[in-house]
Amino acid sequence: MLPEPLLAALRDAQHVCVLTGAGISAESGIPTFREAQTGLWENYDPMDLATPEAFLRDPELVWRWYRWRRDLVAEAEPNPGHRALAELEELVPKLTLVTQNVDGLHARAGSADVIEFHGNLFATRCFVEDCLVEVDTEAEIPRCPACGGHARPGVVWFGEAIPGQALDRSFAAARDCDVFLSIGTSSLVYPAAGLAELAKNHGAVVAEVNPNPTGLAAFFDHAVAGNAGEVLPELVSGLRGAP
Ligand code: BV8
């Protein structure tokens, strides 16, 4: 399933940059961002709930949504796709892993240095001061212990800036890498979706792994149609020289 030229480029690469999206966590049982929300949330559009406006309008509803997602993720386990990326760190001279996901599964799979481009579901920040806070998130509307203002999930909402260090490190890696792998993302959300083009413009071989070819499929040098949980272990075996 894996094109030999892609494996050859990976074998020669000094620096591989990987961008993951919700698709890599789909095989852990976590609904992707755009597929129909299940159960209680089928009447809500995630694109609306993941905004500061939604939080200001109805913080209790937004917290219920995030608590539901935290519970979902707490029950989930990393899958072979996450674990293959953790192994990939040992097989290439330098690997930069950027994830749009907020579920923390890459770290739980053993990836050492994950750039969380959109924050983390289990972090909590003060909505007023924007500092990290420890709060009782079972409260209907958690409050900042310092200022008493609303506490909010430590994720990046639509219309909010990507954390500066994550942005800088990800763009530097896209410019510097020899191979860029875009895995399990619809490539619809910017600036994350712009990383592949930046990599290609700086000479990288770019590939996507997705069972459903995205709108960028024709742009990629290789569009591997398959599930991350199957393709990535095969990629690792190919690099290990296993048949
Ligand atoms: C920004 C965290 C500027 C929250 C997320 C108006 C105002 C401001 C900005 C904008 C605007 N209009 C447009 C924008 C830009 C906007 C944007 O891109 N909008 C899109 C929708 C057009 N971007 C932003 O707002 C960003 N910020 O631009 O700031 C700025 C600058 C300075 C100062 C102030 C502002 C911030 C975007 C971050 C939003 N937060 N998440 C939360 O999770 O609750 S994004 C959200 O979408 C998730 O993080 C998700 O990861 C991400 C992308 O989705 P995907 O991961 O791709 O998931 P999706 O479901 O779409 O696709 C899954 C794919 O997996 C599918 O292709 C499927 O086929 C595949 N798949 C399924 N199974 C498998 C699989 N693949 C492999 N294996 C499988 N088994």
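Helices and strands here are DSSP runs, numbered from the N terminus. With that naming in hand, let's walk through this predicted model, starting with two odd spots in its backbone.

Most residues other than glycine have a negative phi, and most peptide bonds are trans. Asp 130 goes against the first habit: its phi is near 60 degrees, a positive value in a residue that isn't glycine. To find Asp 130, look in the loop that runs between β4 (119–126) and β5 (151–155). The second habit is broken between Tyr 190 and Pro 191, where the peptide bond is cis and omega is near 5 degrees. Pro 191 is in a loop too, this one between β6 (179–183) and α9 (195–201).

Now for a pair of helices. Two packed helices are described by the angle between their axes and the distance between the axes. Take α1 (residues 4–12) and α10 (residues 228–240): they pack at an angle of about 60 degrees, and their axes are 10 Å apart. Angles of 65 to 115 degrees would count as roughly perpendicular, and α1 and α10 are therefore oblique to each other. Their crossing is right-handed. Which residues of α1 and α10 meet? On the α1 side they are Leu 7, Leu 10 and Arg 11, and on the α10 side Leu 235, Gly 238 and Leu 239. Sorted by class, that contact has 4 nonpolar residues, 1 polar and 1 charged.

Next, the gaps. Rolling a probe the size of a water molecule over the atoms shows where empty space is left. The largest pocket has a volume of about 940 Å³. Its lining takes in 49 residues, and those nearest its centre are Ala 22, Thr 32, Phe 33, Arg 34 and Asn 101. Which helix gives the most to this lining? That's α5, with 6 residues. Both α2 (23–26) and α5 (59–75) supply at least two residues each. Across the whole pocket lining, 26 residues are nonpolar, 18 polar and 5 charged.

There is also enclosed space to look at: the count comes to 1 cavity of 30 Å³ or more. The largest cavity has a volume of about 40 Å³. Around this cavity you'll find Leu 19, Phe 180, Ser 182, Thr 185, Ser 187, Ala 192, Ala 193, Ala 196, Leu 216 and Phe 220. That lining splits into 7 nonpolar residues and 3 polar ones, with no charged residues.

Technical notes: Residues numbered from 1 in each chain as written. Predicted model: local features only at pLDDT ≥ 70, side-chain atom pairs only at ≥ 80, totals over all residues. Heavy atoms only, no water. 1 Å grid on protein atoms, 1.4 Å probe; cavity = no way out; pocket = protein on both sides within 12 Å on 5 of 7 lines; lining within 4 Å. Points joined across faces, edges and corners; volume = space filled by probe spheres on them. Nonpolar A, V, L, I, M, F, W, Y, C, P; charged D, E, K, R; others polar. Axes fitted to C-alpha atoms, helices over the stretch in contact; angles between N-to-C directions. Helix = DSSP H or I, 4+ residues; strand = E, 2+ residues; numbered from the N terminus. Parallel < 35°, antiparallel > 145°, perpendicular 65-115°, else oblique. Left-handed = near helix turned anticlockwise from the far one by under 90°. Contact = heavy atoms within 4.5 Å.
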